[in-house]
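The exercises below are meant to be worked through with the sequence and the three-dimensional view side by side. Try each task before reading its solution.

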Amino acid sequence: MVVACALLISGCAVPWARRSGPAPPAGWSSNLSRQDPALSGDGRLLASVVERQGRSTVLLQERASGRVLPLRHLSRWQPHSSPSLSWRGRYLALIVQRGGRRLAVIEDRLTNRLLPLPLPGGREPVRLSLAADGQRLALQLVAAGRWRVEVFELGGVLEVDPPGGQLLRNPGAPLP
Amino acid sequence: MTSPQRRGSGTASLGLGLTLLMAFLLGACGGTPLRPLPAINQRLEQTGSSREPSLSGRWLALISGRNGRERVELVDLELNRPVPLPGLNRPDAQPLSVSVDAAGERVALVRQRDGRTELALYRRSRQSLQPLPLEPPGVPRQVQLSADGRVLAVQVSRGGLWQVDLIELP
């Protein structure tokens, strides 16, 4: 009876949450501090920011297996913050520190390009969000002493990463 | 006197020179200049302070406010106007993080209320906000919903350590 009541109560409180658990381990530390989670649009990939050798570094993993995926351009310019992924994870946008200034960048995992996105007026981003199709970017900035969100167009700069699209030109090839 | 043919050739050279100069300047800046969306940004400016953006599909969720009173706002970027979120914002709650799916149907939220920090999921078609208890218990801070609305990742403080929980939603 008590169990039935508990089930009913929890069922009312959380009718949709089916399964929850920790993010997959990264493999090198059991008590890893992990922040700023970001999922690809299809939920297949997880990006998060972890402390590695005292530096906040973005980590990209397959959610199901925990496999760590390489990010060729992002082994420096720490601290990293605010990662954001497109539908299939072709694009990873984040904020890096470059020459004493924060800069939004996008790593294209398909073409292996890094795209720095300097802001007009030399302003610096605080947080960002990339639209899943890769066609818009929202940035949180500081302007006149207050937070301000601005939206920018990426059409013509990035190809669309569609929900059912192809991540790699050769799907059978290993990820870069 | 310069012939028209030579003038044409000079103009072409000038055009090529300007193109090369622009390419050099862009390269020297080390990046692709961002193109703002003026109409949307002007409207966002009118809402006062805004932070914690979440873009997905045609939707932008964010936390906006004036005079220290903040609320969750969902903007339809195609129409450039906010949509109503009945039952989501409360005067006694302080939103901390927000995320929207690509359909604009589900909005995940971390908020402080009555001295507690809680994770909740709002469904726009039902106009209902449901708490999502964390197991084991912890204090949520940053939330992100996958664009398909099926998985939620949340940054949680447990025992002085930041962790990430993943919650699958039907």
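**Exercise 1. How many residues of chain B are in contact with chain A, and how many of chain A with chain B?**

Before counting, note that this is a predicted model, in which local features need pLDDT of at least 70 and side-chain atom pairs count only at pLDDT 80 or more, while totals for chains, interfaces and linings use all residues. Residues are numbered from 1 along each chain as its sequence is written, and chains are lettered from A and ligands numbered from 1 in the order in which they are written.

Step 1. Taking two residues to be in contact if their C-beta atoms, placed from the backbone, lie within 7 Å, one finds 50 residues of chain B in contact with 50 residues of chain A.

Step 2. Among the elements of chain B that each supply at least two residues to the side touching chain A are α2 (38–46), β2 (49–56) and β12 (161–168); helices (H or I, at least four residues) and strands (E, at least two) are DSSP runs, numbered from the N terminus.

Step 3. Sorted by class, that side of chain B holds 27 nonpolar, 15 polar and eight charged residues, where Ala, Val, Leu, Ile, Met, Phe, Trp, Tyr, Cys and Pro count as nonpolar, Asp, Glu, Lys and Arg as charged, and the others, Gly among them, as polar.

**Exercise 2. In which sense do strand β1 of chain A and β12(B) pair?**

Step 1. Two strands pair if DSSP finds at least two bridges between them; here β1 (residues 19–22) of chain A and β12(B) have four bridges, in the antiparallel sense.

Step 2. Within this pairing, A:P22 stands opposite B:D165 in β12(B).

**Exercise 3. Is B:P53 buried or exposed?**

Step 1. Locate B:P53 in strand β2 of chain B.

Step 2. A residue is buried if 20 or more other C-beta atoms lie within 10 Å of its own, exposed if 12 or fewer, and partly exposed in between, with C-beta atoms placed from the backbone; B:P53 counts as buried because it has 27 C-beta neighbours inside 10 Å.

Step 3. Leaving aside residues up to four places away in sequence, B:P53 touches residues of both chains, including A:R127, A:S129, B:L60 and B:L62.

**Exercise 4. What is the strand order of the open sheet of four strands in chain A?**

Step 1. The order is β6-β7-β8-β9, with antiparallel pairing.

Step 2. Because β6 (81–85) and β9 (113–117) of chain A stand at the edges, each with a single partner strand, one side of each is left without a neighbour in the sheet.

Step 3. β6(A) pairs with β7 (residues 91–98) of chain A over three bridges, and A:S81 stands opposite A:I95 in β7(A).
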